[in-house]
Amino acid sequence: MINYLNEADIAITVCDREGRIIEMNEQSRTVNLKPGHELIGSNVLDCHPEPTRSMLRDMMEHQTKNVYTIEKNGRKKLIYQVPWYEKGEYMGFVELSMVIPFDMPHKVRMPKKG
């Protein structure tokens, strides 16, 4: 993981095309690891029950993204799961998970007229 992302206030988990977890930043480790366990090298499909497992399998097979919010332990989070590529070749997917405010402003930016 690039050093500046390691301590970022966002959980970043990177999987290969088979779903093996290949990178996690510190926030991802804090959120996802149980004491005494390691997830690097394990398959993300084994970490999730149905129907999430089937959804992730479908995302990997069809290289689609998935974006949603959740509420857990009194916190709202944005989950952004997106395929990643290297020189145009599908390599797996990345999950970004970040805490967001319950009441978050939405701004519309209009293009400059020129």
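Guide: Before we look at the strands of this predicted model, one convention is useful: two strands pair if DSSP finds at least two bridges between them.

Visitor: OK, then how many bridges are there between S3 and S4, and in which sense do they pair?

Guide: Strand S3, which covers residues 66–72, and strand S4, which covers residues 75–86, are joined by 7 bridges and pair in the antiparallel sense.

Visitor: Which residue does Lys 72 stand opposite?

Guide: Lys 72 stands opposite Arg 75, a residue of S4.

Visitor: And what lies between S3 and S4?

Guide: The two strands form a hairpin with 2 residues between them, and in that turn Asn 73 has a positive phi of about 55°.

Visitor: What about S4 and S5, how many bridges there?

Guide: S4 is joined by 11 bridges to S5, the strand of residues 89–100, and these two strands also run antiparallel. One of the bridges links Lys 76 with its partner in S5, Ile 100. S4 and S5 form a hairpin with 2 residues between the strands, where Lys 87 takes a positive phi near 50°.

Visitor: Switching to side chains, how many aromatic pairs turn up in the whole structure?

Guide: The search finds 1 aromatic pair. It is formed by Tyr 85 and Tyr 90 in an edge-to-face arrangement, with 5.9 Å from centre to centre and 65° between the planes.

Visitor: Is Tyr 85 buried or partly exposed, and what about Tyr 90?

Guide: Tyr 85 counts as partly exposed, at 40% relative accessibility, whereas Tyr 90 counts as buried, at 11%.

Visitor: Now cysteines: how many disulfides does the count come to?

Guide: The count comes to 0 disulfides.

Visitor: Why no bond for Cys 15?

Guide: The cysteine sulfur closest to that of Cys 15 belongs to Cys 47 and is 8.3 Å away, which is too far for a bond, because a disulfide requires the two sulfur atoms to be within 2.5 Å. Looked at from Cys 47, the closest cysteine sulfur is in Cys 15, again at 8.3 Å and too far for a bond.

Visitor: And is Cys 15 buried or exposed?

Guide: Cys 15 is buried, with a relative accessible area of 2%, while Cys 47 counts as partly exposed at 37% relative accessibility.

Visitor: Last one: what does UniProt list for residues 7–62?

Guide: An unreviewed UniProt entry lists residues 7–62 as "domain: PAS fold-4". In the model, the chain over those residues is 32% helix and 18% strand, and the C-alpha atoms at the two ends are 31 Å apart.

Methods. Residues are numbered from 1 along each chain as its sequence is written. This is a predicted model: local features need pLDDT of at least 70, side-chain atom pairs count only at pLDDT 80 or more; totals for chains, interfaces and linings use all residues. Side-chain values use heavy atoms; hydrogens and water are left out. Buried means under 20% relative accessible area, exposed over 50%, partly exposed in between (1.4 Å probe, protein chains only). UniProt positions are given in the numbering used here, feature names are shortened, and annotations may be inferred rather than shown by experiment. Helices (H or I, at least four residues) and strands (E, at least two) are DSSP runs, numbered from the N terminus. Rings of Phe, Tyr and Trp (its six-membered ring) pair if their centres lie within 6.5 Å; planes under 30 degrees apart count as stacked, over 60 as edge-to-face and the rest as tilted.
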